Amino acid sequence: MALTSCWRCLRLPRLLNAPANRVVLHPLPLRPRSAPFTTASALLANPPKKQNSGQGHQKAIMAKQKTTTNKYHHKKKKMDVSAKQLFEIGERKRIRKNIVLSNTSAPVVPLPEMMLDICGRGETEGTVFQIPDSVLDSLKALGAFKTGQHWPYFQRPSTLVRKGSVEIGKLISWINEEGIAEGEERYARRILDGTRGSGRSIVLAQAMNWAIQSNWVVIAIPDAQELVIGHTEYEFDPAWSLWVQKEYTAALLGRILKANSTVLGRLEPVEDHKMGKTETSPSTLAKLVNIGVQDPQISNDVFMALLKELSTPGRPPVLFALDNLGQISLPSAYRDTAFELIHAHDLALPNTFLSYLSGASRFPRGLTLAATSSVCSKTKDLTHALRGVEHGPWDKVDERIAKSVEGAGLVELEKLSKEEVKAIMEWYNAGGVLRQPVTIESVTEQYAISSGNPKELFRNCLRLKY
């Protein structure tokens with residue numbers, strides 16, 4: 001029997017109450033077609049993607065952020081090694097410590113030279129003098145000039161003669177006096193002390209200047225800090241029962257030879273000296289020193305032999321100088337075989353210098369001069385020893401410090417007077433450092449601001465230039 005409706009219409013619901021002989025369709029939308037059925041095996045399908053979670057998810061996000069950021073902003077430039085000249089070993093240190101003593105752009109200031117005839121004269125106090133060109137090379141070899149001083153701002157290096165300079169000059173003139181009786185000893189020991197920036201290193205350089213002009217043998221340790229901070233090779237020498245620094249001693253002998261080559265070249269040794277395991281008999285003291293420069297292994301033996309030769313009667317006077325005395329009044333950064341800190345007095349060079357400063361060793365004619373410094377930490381033992389202050393009942397006292405400076409005279413560098421401030425400001429004005437006129441009001445103002453400190457005075461005058 002044939003149907004009155006098609007098969008498609010049978011799938012749709014009929015409306016209620018509709019006549020039987022009439023088919024009424026409900027206006028429903030067609031259903032969407034479903035995915036076709038497949039009989040393929042699940043093993044042949046691609047595996048599902050793994051969802052990132054935890055730390056891996058964070059890494060994925062960060063990697064995506066890197067790809068979306070500005071590539072040109074984060075791109076690093078490759079260093080062209082061929083275009084950039086690499087520094088040699090020690091070249092950067094040499095550039096950092098290079099001393100400039102002349103400024104060709106600065107105006108020429110006519111000043112008298114600091115010759116030997118003004119040494120120790122009281123009327124020269126408060127006057128600015130130029131250091132002679134004949135001694136500049138020797139002073140530079142000895143390390144008399146320091147970085148951070150005023151040398152690069154002027155045409156020629158010049159200094160102010162102060163009260164402390166006159167006092168040291170009188171000692172040099174006293175040692176240089178002629179007609180000294182045979183066997184008479186003229187030996188002095190002094191310590192320069194003062195506040196930070198008071199000019200102790202400058203007075204030390206002035207003493208070296210007069211000593212070189214007097215044909216003395218000048219031995220100088222420019223900075224005692226280099227002996228104790230632990231960056232120099234060292235080893236224990238049973239022959240001296242001290243810790244020796246052979247490389248530094250060889251460099252020190254090289255500076256001594258360069259600064260005193262003329263004087264040492266005229267002196268002959270009075271005896272043969274044992275250097276290591278061999279005995280040498282050079283013709284002059286200059287050749288003796290050169291042996292220690294060439295062979296650092298015997299440099300300490302050569303240095304001690306040189307001091308022994310210079311301590312012989314009939315030799316020229318000797319200036320033994322050291323800057324930054326406070327550094328060798330503390331335990332050093334070196335350690336012994338038991339990993340205990342080595343005291344600075346157990347190092348060969350500090351021990352030798354302090355033996356001459358304390359008077360245990362002496363030159364027939366000469367001067368041992370030391371300068372304190374404010375760079376290192378406070379050395380209470382040294383300060384109390386210099387000032388004669390007694391320690392408290394609970395203070396931990398190093399008895400070796402007081403004995404090392406016992407008997408040495410103290411030269412106190414006081415603050416500048418108004419007359420000295422005026423002389424310095426006039427020099428600064430003529431040299432182009434200070435551009436305002438020097439009047440009574442400006443001198444009084446700078447004297448009050450700097451409190452008579454030479455270093456602060458220079459800084460204030462340099463600021464007023466711009």
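1. In this predicted model, the charged end of Arg335 is placed over the ring of Phe339, at 4.3 Å from the ring centre. A second arginine is arranged in a comparable setting: Arg255 lies over the face of Tyr248, 5.7 Å from the centre of that ring.

2. The contacts between aromatic rings deserve separate attention. A pair of aromatic rings is described by the distance of the centres and the angle of the planes. With centres required to lie within 6.5 Å, the structure has 13 aromatic pairs. One of them joins Phe154 and Tyr428, whose centres are 5.9 Å apart and whose planes meet at 25°. This pair is classed as stacked, because planes under 30 degrees apart count as such.

3. Where do the two partners lie in the chain? Phe154 belongs to the loop between α5 (136–142) and β2 (158–160), whereas Tyr428 is part of helix α15 (residues 418–431). The pair therefore ties together parts that are 274 residues apart in sequence. Both Phe154 and Tyr428 are buried.

4. The same two residues also belong to a cluster, in which ring pairs link Phe154 and Tyr428 with Tyr153, Trp427 and Phe458.

5. Phe236 and Trp243 provide an edge-to-face example, with 5.3 Å between the centres and 65° between the planes. Is each partner buried or partly exposed? Phe236 has a relative accessible area of 41% and is thus partly exposed. Trp243, with a relative accessible area of 14%, is buried, since the limit for that class is under 20%.

Notes: Residues are numbered from 1 along each chain as its sequence is written. This is a predicted model: local features need pLDDT of at least 70, side-chain atom pairs count only at pLDDT 80 or more; totals for chains, interfaces and linings use all residues. Side-chain values use heavy atoms; hydrogens and water are left out. Rings of Phe, Tyr and Trp (its six-membered ring) pair if their centres lie within 6.5 Å; planes under 30 degrees apart count as stacked, over 60 as edge-to-face and the rest as tilted. Helices (H or I, at least four residues) and strands (E, at least two) are DSSP runs, numbered from the N terminus. Buried means under 20% relative accessible area, exposed over 50%, partly exposed in between (1.4 Å probe, protein chains only). A charge sits over a ring if NZ of Lys or CZ of Arg is within 6 Å of the ring centre and within 35 degrees of the ring normal.
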